[in-house]
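Notebook open, model loaded. I want to go through side-chain contacts and burial, one topic at a time.

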Amino acid sequence: MLEENYRLLFVLTDLILPLIVGYYLHKSHIITDKINYFLIKFNILGICTFSALFSFWALPLNIDSLILLPFGSLFVIVPGIVGYLTFAKRYKNMLSQGAYIMSVMLSNVGTLGGVCCFILYSDVGFAYSQIIASCQNFLLVVLCFPLAQYYYNKHISVFSSEFHSTSILKKFLSWNQISVVGIVLGLYLNAAGVQRTETLTDIFHFLVHFGAWIALIPVGYLINFSKIRYYYFKVFDIVLVRFLIVPLAIYMTALLFFSDKVLLNSLLICAMAPTAINAVLTAKLYHLNVNLPVASFVSTTALFLLVIFPVMFFVIRA
């Protein structure tokens with residue numbers, strides 16, 4: 001019990017505190033927009049690439065893991081399809097529609113989901129969450145980034161011919177997808193049987209905590225309550241998708257493939273994870289409507305931390 005309470009502190013130290021720091025840095029004008037954008041790029045190009053390398057390097061290549069890898073795509077594809085077919089079309093502006101799709105597709109599995117699974121099931125739960133997060137990170141760069149670029153291109157095509165004049169490669173490929181290299185290299189080292197040293201494991205554990213700060217400080221910096229309050233009620237449907245439709249679909253599907261209670265409960269926690277930090281960062285990188293994913297991130301994260309996870313903590317643990 002004491003160990004669980006100790007791990008519960010990670011919610012404060014790795015999730016809430018960096019948001020507060022980022023918000024304070026903006027309000028106090030300590031850093032500029034340019035520095036904040038640099039932190040976003042540093043996280044996407046550097047931290048995410050090395051984190052992907054180390055996590056895929058140590059990924060257990062057993063039957064459950066091999067099933068979980070493609071299964072993890074459902075955590076992105078299912079909410080994306082549901083969101084697109086239902087609520088996304090009410091946004092006529094392509095920058096807002098693209099931002100909505102990012103908000104509903106990307107969930108905070110790796111950071112918030114991982115910490116919550118760790119609190120309940122220690123290393124085992126964390127490992128399961130990271131497999132799902134690894135799949136999401138892969139889809140982030142090969143699906144979500146090009147999709148965000150597509151929505152931006154659709155927006156500018158209304159006002160110029162740029163969308164039609166650029167090449168296919170420039171439309172859908174960019175350096176923001178460099179972490180795919182880390183994924184491929186990690187899988188290669190894993191399959192080749194190269195052992196990850198204890199020093200590199202310690203570096204990876206440091207990157208988990210450091211990466212949370214580097215990812216969340218820019219999000220805290222981007223929070224502007226006066227602007228995002230307009231979107232609070234508009235993102236209510238994301239609450240329905242993230243906390244009801246997706247968890248139900250994921251859990252019912254998981255019952256067809258898995259029977260282990262810890263695995264199933266870990267998947268349920270990940271399925272109920274709120275809107276991801278990466279939804280905000282993706283919107284910022286591709287010049288979509290940032291206020292919408294920030295509002296979704298703030299509202300769904302607050303609801304998850306204050307209501308959803310505390311209830312799950314006592315119900316699932318019982």
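Which residue just after α14 takes a positive phi? I looked it up: histidine 287 does, with phi at about 60°. Worth keeping in mind throughout that this is a predicted model.

**Entry: helix α14**

While there, I checked the cover on the helix itself. α14 runs over residues 277–285 and is mostly covered, with 8 of its 9 residues buried. I listed the buried ones: Ile277, Asn278, Ala279, Val280, Leu281, Thr282, Ala283 and Leu285.

**Entry: aromatic pairs**

I searched the whole structure for ring pairs and got 14 aromatic pairs. I picked phenylalanine 54 and tryptophan 57 for a closer look: their ring centres are 6.5 Å apart and their planes lie at 15°, which is under the 30 degrees cut-off, so I logged the pair as stacked. Both residues belong to helix α2 (residues 33–57), where they are 3 residues apart, about one turn of the helix. That spacing fits the textbook: an α-helix has 3.6 residues a turn, so residues three or four places apart point the same way. Next I asked about burial. Phenylalanine 54 has 7% relative accessibility and counts as buried. Tryptophan 57 is buried too, at a relative accessible area of 10%.

I also noted a cluster in which ring pairs link Phe71, Phe75, Phe257 and Phe258.

One more ring turned up with a charge over it. The charged end of lysine 89 sits over the ring of tyrosine 84, and I get 5.1 Å from there to the ring centre.

**Entry: the nonpolar patch**

Tyr84 came up again when I looked at the surface. Together with Ile77, Ile81, Leu85, Phe138, Val142 and Leu143, Tyr84 forms a nonpolar patch with about 590 Å² of accessible area in total. Which elements give two or more residues to this patch? I found α4 (74–85) and α6 (109–157). The largest share, 4 residues, comes from α4. I spot-checked isoleucine 77, which lies in helix α4. Isoleucine 77 is partly exposed, with a relative accessible area of 34%.

**Entry: salt bridges**

How many salt bridges does the structure hold? My count is 1. Aspartate 237 pairs with arginine 90, and their closest N and O atoms are 2.6 Å apart. I then placed both ends: aspartate 237 is in helix α12 (residues 236–254), while arginine 90 is in the loop between α4 and α5 (94–105), so the pair ties together parts that are 147 residues apart in sequence. Is aspartate 237 buried or exposed? I have it as buried, at 6% relative accessibility. Arginine 90 is partly exposed, with a relative accessible area of 44%.

**Entry: cysteines**

How many disulfides are there? I count 0 disulfides. I went through two cysteines to see why. Cysteine 116 is in no disulfide, and its nearest cysteine sulfur, on cysteine 117, is 7.1 Å away. Cysteine 270 is in no disulfide either; the nearest cysteine sulfur is again that of cysteine 117, 4.1 Å away. My cut-off for a disulfide is 2.5 Å between the sulfur atoms, so the 4.1 Å of cysteine 270 does not pass. As for cover, cysteine 116 has 0% relative accessibility and counts as buried. Cysteine 270 is buried as well, with a relative accessible area of 1%.

Definitions and conventions. Residues numbered from 1 in each chain as written. Predicted model: local features only at pLDDT ≥ 70, side-chain atom pairs only at ≥ 80, totals over all residues. Heavy atoms only, no water. Phe/Tyr/Trp six-rings, centres within 6.5 Å; stacked < 30°, edge-to-face > 60°. Buried < 20%, exposed > 50% of the residue type's maximum accessible area, 1.4 Å probe, protein only. Lys NZ or Arg CZ within 6 Å of the ring centre and 35° of its normal. Patch = residues over 30% accessible without salt bridge, like charges linked within 9 Å, V, L, I, M, F, W, Y side chains within 5 Å. Areas by Shrake-Rupley, 256 points an atom, 1.4 Å probe, with all protein chains shown as cover. Salt bridge = Lys/Arg side-chain N within 4 Å of Asp/Glu carboxyl O.
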